[in-house]
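Here are a few exercises to work through with the model open in your viewer. Try each task yourself before you read the solution.

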Amino acid sequence: MYRYDEFDREFVAARVDQFRDQVARRLDGELSEDEFKPLRLMNGVYLQLHAYMLRVAIPYGTLSGRQMRMLGHIARTYDRGYGHFTTRQNIQFNWPRLTDIPAILTELASVEMHAIQTSGNCIRNVTTDHFAGVARDEIADPRVYAEILRQWSSLHPEFTFLPRKFKIAITGAAHDRAAIQVHDIGLQLKRNDKGETGFAVYVGGGQGRTPMIAKLVRDFLPEQDLIAYTEAILRVYNLYGRRDNKYKARIKILVHETGIDELRKDIEAEFERIRDGVLHLPKADIEAIDSYFAPPQWRDLPDHSEKLEAARKADRAFDRWVANNVDEHRAPGHAIVTVSLKPVGGPPGDATARQLEVLADLGERYSHDELRISHEQNVILPHVAKDDLPALYEALKAEDLATGNAGLIGDIIACPGLDYCALANARSIPVAQRLSEHFEATGQEQEIGDLKIKISGCINACGHHHVGHIGILGVDRKGEEFYQITLGGSADEHTAIGEIVGPGFSADEVVGAVGKIVDTYLGLRQSREETFLDAWRRVGQQPFKEALYG
Amino acid sequence: MKIITANRLSDGVVVYLTANGWVSHIASASVLHAADAIEAGLAAAARAIANREVIDVAAIDVTLNESNHPVPVRLRERIRAYGPTVDYGEAARQRLAA
Ligand code: SF4
């Protein structure tokens with residue numbers, strides 16, 4: 001796993017000292033709120049409805065047991081005993097005191113963690129596929145390139161005050177698990193005819209008020225040119241991006257207004273100018289970073305596990321959990337485990353201090369001291385021996401962490417919404433809770449299969465509603481919470497923005513409306529193999545509209 | 001009918017203006033009827049900002065409940081006043097485990 005070098009350590013320590021000083025100056029009046037706000041935002045500190053909120057970076061979603069344990073410690077010591085994992089593979093603490101934040105950052109720095117690049121108009125921390133390094137279909141480990149981009153972007157003076165925030169995502173395989181086409185830059189690792197590693201580069205995707213799917217700007221970018229090309233894109237954006245209007249400042253608007261062909265010319269011209277300069281990445285540098293992500297020493301195991309099969313036969317709940325929450329691993333006899341943070345009726349993405357600490361222990365014991373956070377707000381144990389799955393399941397069950405619903409309708413993404421967020425129009429969490437209870441009560445969850453519901457409490461779309469198979473957007477209609485439903489969105493290699501199905505629903509009506517949509521799907525699908533999304537693509541909105549509005 | 005609310009600078013806690021400074025319980029907030037009373041409240045809040053007591057000041061609409069205590073009109077402000085409408089942390093976990 002990536003370890004800090006001396007430079008990283010000094011840089012983070014210096015930032016903590018600087019912020020401690022800034023907080024002190026704010027409290028004794030030397031800095032006004034107007035002066036302090038951009039500084040606190042550069043260190044992940046927001047003001048929400050009830051308190052400050054601290055967003056801590058989990059670069060490319062990877063962390064060790066020691067780091068996870070520290071998150072539990074912070075939740076217990078400085079917060080209200082829990083944390084919330086976000087769709088950007090970060091964790092948020094909802095109740096820290098401003099006066100405690102320098103101490104929290106010092107504790108985080110002791111385990112090589114920080115809150116840098118989690119807010120502000122900078123290049124945000126780069127997200128990747130949560131199965132990086134272990135997926136069977138992977139071309140190369142995307143975290144290597146995420147780390148290269150982190151090193152390049154963290155201190156880049158030119159890109160610290162961009163027109164708006166800037167998000168980059170990388171997927172290691174043709175199957176996109178990182179939603180790259182709804183990012184400012186999306187990178188898909190691939191090989192060319194000569195077997196060289198590189199990227200398909202997408203630019204100008206995003207969600208929010210004006211959702212857009214990224215455009216392919218280059219079909220193959222050699223890996224050595226990653227930084228030069230990214231810098232070329234950022235330069236063109238920095239030059240032409242709309243600083244005059246917050247709502248038009250993202251690169252997606254530039255791509256949309258200028259056109260990808262025109263923009264490609266500018267990007268390629270800038271790239272040609274700088275590609276052979278200092279930004280060219282020597283092979284040795286890539287290999288050096290790559291060695292940090294070298295896989296652990298997996299045990300030499302047969303792929304088939306008798307122990308696992310026997311346990312599956314003996315326990316139906318375990319069998320269901322394996323079917324939904326366990327994925328194929330690169331190494332024979334191993335598996336990737338998704339620990340669902342979506343218990344029926346629970347707040348999506350939350351984990352208590354104790355659960356964080358137990359997950360740290362289980363990561364150390366069963367997953368070569370490695371854990372991941374997915375953008376779907378779950379925790380991944382990436383290296384579990386199949387023989388260990390029954391024991392791991394029992395340990396998770398004892399902590400209420402064994403919900404067997406990964407990828408199913410109960411595995412809902414939801415942003416904090418109006419229960420916490422100062423920008424929200426409506427609540428998200430109670431809607432998610434009631435939906436998961438509804439589908440538990442109807443017993444339909446397994447029957448429905450692969451169906452992703454995503455909920456945002458406002459148009460900023462942190463809950464990714466635009467790309468939910470069923471998307472739910474909270475709006476404020478004359479002081480009442482209303483929910484607009486979109487259908488047909490998707491965030492994989494066939495990314496699509498969901499279409500509004502019709503007029504919105506009140507808080508009382510929305511669960512019933514989703515129930516009708518699901519029943520309609522079950523009634524019209526051609527077989528169990530035809531997923532909700534496939535069926536929707538075949539039949540379109542009409543049958544769903546009829547079911548909802550008659 | 002309005003009350004003045006803000007977040008405390010040091011810890012972000014939601015607070016309300018009374019005749020004797022800021023309190024965290026909405027029930028004790030001073031209810032302001034006349035325009036000049038609201039203006040005076042906002043002026044007091046501006047001084048509190050300058051004194052580094054609070055940030056993010058707003059005058060919000062309220063009604064009175066049967067105990068004559070102010071209750072915010074907007075859901076957002078009710079959630080600020082009474083906390084998230086969902087349980088969290090160990091309380092949520094224990095409810096789910098039960
Ligand atoms: S989508 Fe809106 S309500 Fe939800 S977290 Fe983002 S800004 Fe807040």
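## Exercise 1: a strand and its partners

In this predicted model, strand β16 (residues 413-414) of chain A runs parallel to β17(A), and two bridges join them. Work out how β17(A) is placed between its partners and where its side chains point.

Solution.

Step 1. Begin on the β16(A) side: I413(A) stands opposite K454(A) in β17(A).

Step 2. Turn to strand β18 (residues 470-477) of chain A. This strand and β17(A) pair in the parallel sense, over four bridges. Here I453(A) stands opposite I470(A) in β18(A).

Step 3. Now follow the side chains of β17 (residues 453-456) of chain A. I453(A) and I455(A) point one way, while K454(A) and S456(A) point the other way. In a regular strand, side chains alternate between the two faces of the sheet.

Step 4. Check the burial: I453(A), K454(A), I455(A) and S456(A) are all buried.

## Exercise 2: two positive phi angles

Find the phi angles of H464(A) and D56(B), then decide for each residue: buried or exposed?

Solution.

Step 1. Recall the background: most residues other than glycine have a negative phi.

Step 2. Look at H464(A), whose phi is near 55 degrees, a positive value in a residue other than glycine. H464(A) lies in the loop between β17 and β18 of chain A.

Step 3. Apply the cut-off for burial, under 20% relative accessible area. H464(A) has a relative accessible area of 9%, so it is buried.

Step 4. Look at D56(B), where phi is again positive, near 55 degrees. D56(B) belongs to strand β4 (residues 54-64) of chain B.

Step 5. Exposed takes over 50%. D56(B) counts as exposed because its relative accessibility is 55%.

## Exercise 3: a residue in a helix

Locate V511(A) in its helix and list which residues it is in contact with, leaving aside neighbours within four places in sequence.

Solution.

Step 1. V511(A) sits in helix α16 (residues 510-524) of chain A.

Step 2. Its relative accessible area is 9%, so V511(A) is buried.

Step 3. Once neighbours within four places in sequence are set aside, V511(A) is in contact with R434(A), L435(A) and H438(A).

Step 4. Compare sequence with space: V511(A) and A496(A) are 15 residues apart in sequence, and their C-alpha atoms are 23 Å apart.

## Exercise 4: a profile of chain B

Describe chain B from its fold pattern, its surface and its charges, and say what confidence the predictor gives it.

Solution.

Step 1. Count the elements: chain B has three helices and five strands. Along the sequence they follow the pattern β-β-β-α-β-β-α-α.

Step 2. Take the dimensions. The C-alpha atoms of chain B fill a box of roughly 55 × 35 × 20 Å along the principal axes.

Step 3. Consider the packing. Of the 98 residues of chain B, 42% count as buried. Among contacts with a separation of 6 or more, 52% are between residues 24 or more positions apart.

Step 4. Describe the surface and charges. Chain B exposes about 5000 Å², with carbon and sulfur atoms supplying 51% of it. There are 10 positive and 10 negative side chains in chain B, and the centres of the two sets lie 4 Å apart.

Step 5. Finish with confidence. The mean pLDDT of chain B is 96, and 100% of its residues reach 70 or more. For the complex, the predictor gives an ipTM of 0.97 and a pTM of 0.95.

Notes: Residues are numbered from 1 along each chain as its sequence is written. Chains are lettered from A and ligands numbered from 1 in the order in which they are written. This is a predicted model: local features need pLDDT of at least 70, side-chain atom pairs count only at pLDDT 80 or more; totals for chains, interfaces and linings use all residues. Side-chain values use heavy atoms; hydrogens and water are left out. Buried means under 20% relative accessible area, exposed over 50%, partly exposed in between (1.4 Å probe, protein chains only). Two strands pair if DSSP finds at least two bridges between them. Contact means heavy atoms within 4.5 Å. Accessible areas come from the Shrake-Rupley method with a 1.4 Å probe; for residues, only the protein chains shown count as cover. Lys and Arg count as positive and Asp and Glu as negative; His and the chain ends are not counted. The place of a charge is taken as NZ of Lys, CZ of Arg, CG of Asp or CD of Glu. pLDDT is the predictor's confidence in each residue, from 0 to 100.
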